[in-house]
Every structure is written in C-alpha cells, then in structure tokens.
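Labels such as "buried" or "antiparallel" should be earned. The turns below test several of them.

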Amino acid sequence: SKAEMGHTCRGTINLATANITVEDSCNFIISNGGAQTYHLKASSEVERQRWVTALELAKAKAVKMLEESDDSGDESVSQTDKTELQNTLRILSSKVEDLSTCNDLIAKHGTALQRSLSELEALRLPPESTEKIKQVNERATLFRITSNAMINACRDFMLLAQTHGKKWQKSLQQERDQRIRLEETLEQLAKQHNHLERAFRGATVLPASTPGTGGSGKDMCCPSKGDLSDEDDDNNEFFDAPEIFPMPDMMGHKRTGSNISGTSSDISLDEQYKHQVEDTKKEKRTRIPYKPNYSLNLWSIMKNCIGKELSKIPMPVNFNEPLSMLQRLTEDLEYHELLDRAAKVENSLEQLCYVAAFTVSSYSTTVFRTSKPFNPLLGETFELDRLEENGYRSLCEQVSHHPPAAAHHADSKHGWTLRQEIKITSKFRGKYLSIMPLGTIHCVFHSSGNHYTWKKVTTTVHNIIVGKLWIDQSGEIEIINHKTGDKCNLKFVPYSYFSRDVARKVTGEVTDPSGKVHFVLLGTWDEKMDCYKVQLGTGDNGAEARPRAHESEDTRVLLWKRNPLPKYAENMYYFSELALTLNAPESGTAPTDSRRRPDQRLMENGRWDEANAEKQRLEEKQRISRKRREAEAARASEDGKEGMAPHSGAPPGPPGPHPALCPPGTPCDPYKPLWFERKKDPVTQELAHVYKGGYWESKEKQDWSLCPDIF
C-alpha cells in the first residue's frame, strides 16, 4: 500500500511501460527496458500465474488511464463526483438487500418444494415416477445452493465496494486539495511574474525626450521600435495595468482617456457604421484605433478550460482581436500574387513550387498574432472584392456552429480558383494551446487543369499561464497535383531550445510521380522561401543531388518574402496592411457580413465592456434561433413530413440535414447554408461545402431578402 512506500519500498516501475516476462514455472521478471529489472519468485506455478495475471491486468488499466489522460487532459473534478459515488454505493446496498430478500423467498419456496417432492416420494407411484421425482428433488437442492452462493458473492462484493469506496473518497479529496493548492500557487506565480515585468519596465523604459522638446506627445502615442523590443503588447495582453494608448484621429473618431469612443453614446451603432463607410476602392485605411491595455487575470478564466474544446467556452473579447475567423481565413490571400505567377508557369513542377510558397505564406501573419479571432455566428459571411485592384474576389460563410466550420471560395481573373472548408478544433493543455485545423484546401488552375490539394498544420500557442505568449507551427504538409501525380512534402520544424537550426524553419522537396526530386525548398514560415533546382550528378538519384542543391547558389530562386508590417503595428494587434483593411466598413455588403457585427465593431473602437455585453446578446440570439429550428424540425418529423420544407425567408437547399450529423435521440438542427452546399468532392471523396453561386448576383441587385437576421 502507499502507506508502506516510505519504509519498505525498494523502488518503483511504471506499469504502463513495464515488460512482464515468465522465466520458468516459479520465476518471472519485470523490467522497464534496462534501467530497472526485478526478478521475482513465487512459491508455486499457480501463485506465479496469479501474480502475472494481476500485473498484466494492472498494466492494461495503467495504459488505458494514460491514454484517457492524454485525450481529455486534466478535467476538473466537481463536487458532484463525491455525491454520485455515495449514491452509487447506496443503490448497490439496496440492490443487495433486494437480492437477500429474494434469497429468503427462494429458500422458503425451495423448502416447500422439497417437502412436496418428499410427500410425492412417500406415495405409491410407479418406479419411473419415483426416479423422476428424485431427479427434480436433486435439481431443486442444487438451485437453492447456487442461489445462496450468488447472494453470498453479492454480499462480499458490496462489502468490498464499501471498503474501497472510503479509500476512493479519501484519495479523491486528497487530489482535489492538491489541485486547489496547485492552482493557487500558479495564480500567485502569474501575479508575481506580472509584478516583476511591470517593475522592470518602470525601471528601464524611460521617456525618450525631456519636457519642452516638443517630441513627447509623439513618443507617447507611437513609441519607437527600440522601446517596445521587450514589451510588445501581447507580452502582457491579459495582465497589464489599465493604461490606455492615445488613439489617432481616424474616420471621424477621436480617442479620449475615458476609454470610450469619441462618438456620442446616443448615436446608434448602425448610424456609426453608415458614418464610417468609405469608398474602399479609392483608398484603403492604414490605421485602426490603438489596442487599449486592460487588466485581466488570464488564469482565473483558463484554469477551468484545461482539456476542453475552447470553441464551446464563452470567452470575453479581451482575448480577441477585432477580426472574425472568416476574415482570418481570407488573409490566406495576402500573397495572391504567388498564385498569379503560378498560373503563368507551364511546367507543373515549377508551378508546384509557387503553390508550396503560397501554402507557407499563409502562416506569416501568425508570428505575432497571439489574440484569437471572433468565432463567427452561424450564417455569418465575409466578402472581399478586389477584382479591380488585384483581380480576385473572395467569399466566406460560417456553415456550421458545433463543430465550428467555415467555407471559403475565391476566384481570380488571372486563372485560378481557391476553395476550402476548415473546421477548427482546439485543446488547452495548461501551459500551451493546440489549434488543429481540419479540412482540405483545393487550388485549381484553369488553363492547365492542374488540381492541387493540401491540409494545414497544427498551431501551438505557448506560455499561456506565465511568460510572453509565442506561436509555433509544426507538422507536415503534402501538396498533391491530382492531374500529374507530382507531390511536394513540406516539413514545419517545431522549435527546440537545443536545436542549432534557424527558428521557424520549413524544408520541402518537389518530386515527380516516380519519386525523383526536382526542386528543394528551404526557408522559414515567417520570413521567406527559396527554391533550388536539383542538379543531378552521375547517378540519376535525387538523394545524391540534394546536398549539392544548397551549394549551387546560381539555381536559387526567391519564391516569396514577407511584406513588412505597417508602422506602429505593435499597437494595432500586429495587423498586416491587408488585415487593417478587412474590417473597414463598406457599402453594399450583405447584412450578415462580419463588418456589420456590432460586438466586433465596438471592440475595434475600444469599447470592450459594451462589446462583451453585445457578444452575450448575439450568442443568446443564436441559441434561441437554433432551438426554434430544432423544434420546427421535430414537429415536422412528428407530422410525418418527408424532409424539411424551407420556411419563409429560408434559403433553398438539399432536403434535410446529413444523417451523420443527427444521431438518433438527439435534437437535429436542420440549418442549411445560404451560399454553399454540401457535396462529395470527386477528387478527395470527402463531404465538403462548395460555393453554389448567387452571392455576387444578389450584391449587384442589392437583393438580400434570403439573408437571415443574425445581428
């Protein structure tokens, strides 16, 4: 037992990783792969087998517990667990009492039966009948003995459960107390860390100019890069003192120290939106209101999220940036010129190099972006019409809420189409947050018919509790040309403190269908990607040529280089030039467009308290709409209707939801997206939402009658 560990235990081996082997009839060995080996001897073969069986069962249980802890994280133990355990024991006790009563009845009826059979035996009956009666008597006796044995076994089980139940309760209480102590220690540590950082900045970051020089106002609003090298906004995004950055004059609003936008509070948000609408085709905005530095205890919120799916946990806007996930998805098109250049390349292997560079470029905006985007509401859309300036236009729609899924479609007059459906899953593991995008991205070039597909890698946000937040990308991407069979394997090397490699490194190889390497890719996901043409030597072997590719600088081609961030980006959520324009109000967009989302607009204008209240209102409105749809679907099902008839204002779509989404006995949401429909992809054989058309025609007519009221 654990009580004996201090004075009798000679060592421990983790059963989950232990090897148990039988040596001979009485001896067996337990080892952990070399460091520790125990030779054990039993008194007999039977005893040895009992020990080996017990240890194998314990090992299986340990492995299962390890897997469950990896899958679910450290789920918090609620007070209801203890009550549930007591209730279970109480029910078991009552069941055993029921069995005991049944036993008494069986004994009583069994005795009566045997008495009757004995009386039958005493009668003068034919010999055959007497023999039969004896058999029945024996069976009745066996039945009574068996029922008694069953009752005794149940009583032993109950006694064992009660004995161990007390131990379990004690262990559970100890674990709960230990967890509370750990939480308090971590919270105290986070506070001390924050206090030290503030003290350090107060001691080292001094005013850049003396009073009277006339430069102090500029320095206060827009500090120099050197001043911010150790105190980026995201460093203490959730812990800093409530200090407000002055906001530049833009779009008719001036920032004041009151933490409220200069717009009069009696003007409605719709009127503000109309007031802010600008002709984006003429001039794109280059500034947004500076991010206020509010104080928020991150640990007080995140400690309840360990091991859980974050998309189902309501978060305050303090964690967000003023963009939605649909707008973040559209940011993949920041380096669209890579696809424009790829469309002009005739050689499919060279074209694949540019597609690979485009794939890597979509991560360049994430290096400093530690805030999360807004989760889109179901039916929310975002359009980006850059047909005149850049030759493409893009549309995103939130097609599912649980799990959250967004569909994206972009067309370019330069000869390419990009489409994707991304489902975001995330798990908080205590020290870091893992974000796993699921779904396939398709890129089709019109002239050649080359069809490329790939998936995204895992994004990890580190130092959630203590320290500066930083982001890493890790995993592998396989880009496949389904027409020619060419492939590109990209490897995102995870950061390691002990590695001498450059941080955020990406390597890749472009191969033909036979597996021969033609190009080697090298770079980083936050800076640039280079391409080297493989010079084949004496043997036609790509593996031999790979080292030489790096040496031959004359074959190097710069595929992609990151655009510099705008001036004072550190005060504007580290947005790129494209990101700064995405939430700028535009006329003519759909009423479901992310630019019209009120909580996001309030947050961008620095009114975070109002944004939090508005966010709760929108989420509650979404819940009510979902329940209404589920109730209508249930009524229609009861009435015997086949499929779901769309109600007034509902967009036409396929009859009824996909059966996999509606398991029996659970409420089914019959929602259908407005601009996308679910189809089986002929290339990947996956079910995905594909753009069905109609959006840009509706925009041209300004006919938004089919759009749901989500804001």
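What follows is a set of questions and answers on a predicted model.

Q: What makes up the protein chain in helices and strands, and how many residues count as buried, in percent?
A: The chain holds 15 helices and 21 strands. Of its 711 residues, 42% count as buried.

Q: What is the exposed area of the protein chain, and what do carbon and sulfur atoms supply?
A: About 38600 Å² is exposed. Carbon and sulfur atoms supply 54% of that area.

Q: How do you know that helix H10 has a span close to the expected one?
A: H10 covers residues 348-361, which is 14 residues. From first C-alpha to last it reaches 20 Å. The expectation at 1.5 Å a residue is 20 Å, so the span is close to it.

Q: Why is H10 called largely enclosed?
A: Buried means under 20% relative accessible area. In H10, 13 of the 14 residues are buried, so the rest of the structure largely encloses this helix.

Q: What makes the pair Asn347 and Leu349 a polar contact at the start of H10?
A: The cut-off for N or O atoms is 3.5 Å. A side-chain oxygen of Asn347 comes to within 2.8 Å of the backbone nitrogen of Leu349, so the pair falls inside the cut-off.

Q: Why is H9 described as roughly antiparallel to H10?
A: H9 (residues 337-344) packs against H10 at about 170°, with the axes 8 Å apart. Angles over 145 degrees count as roughly antiparallel, so H9 and H10 get that label.

Q: Which residues of H9 and H10 meet?
A: From H9 come Leu338, Leu339, Arg341, Ala342 and Ala343. They meet Gln351, Tyr354, Ala357, Phe358 and Ser361 of H10.

Q: Why is His689 called buried?
A: The relative accessible area of His689 is 12%. The cut-off is under 20%, so His689 qualifies as buried. This histidine lies in strand S21 (residues 687-691). Beyond its neighbours within four places in sequence, its contacts include Val399, Ala407, Glu421 and Phe676.

Q: What makes the phi of Tyr574 worth a remark?
A: Most residues other than glycine have a negative phi. Tyr574 is not a glycine, yet its phi is positive, about 60°. Tyr574 sits in the loop between strand S19 and helix H12.

Q: Tyr574 and Gln685 each have a relative accessibility; how is each classed, and why?
A: Tyr574 stands at 5%, under the 20% limit, so it is buried. Gln685 stands at 48%, between 20% and 50%, so it is partly exposed. Gln685 lies in the loop between strand S20 and S21, and its phi is also positive, about 60°.

Definitions and conventions
Residues numbered from 1 in each chain as written. Predicted model: local features only at pLDDT ≥ 70, side-chain atom pairs only at ≥ 80, totals over all residues. Heavy atoms only, no water. Helix = DSSP H or I, 4+ residues; strand = E, 2+ residues; numbered from the N terminus. Buried < 20%, exposed > 50% of the residue type's maximum accessible area, 1.4 Å probe, protein only. Areas by Shrake-Rupley, 256 points an atom, 1.4 Å probe, with all protein chains shown as cover. Polar contact = N/O pair within 3.5 Å; in protein donor to acceptor, adjacent residues only side chain to side chain. Axes fitted to C-alpha atoms, helices over the stretch in contact; angles between N-to-C directions. Parallel < 35°, antiparallel > 145°, perpendicular 65-115°, else oblique. Contact = heavy atoms within 4.5 Å.
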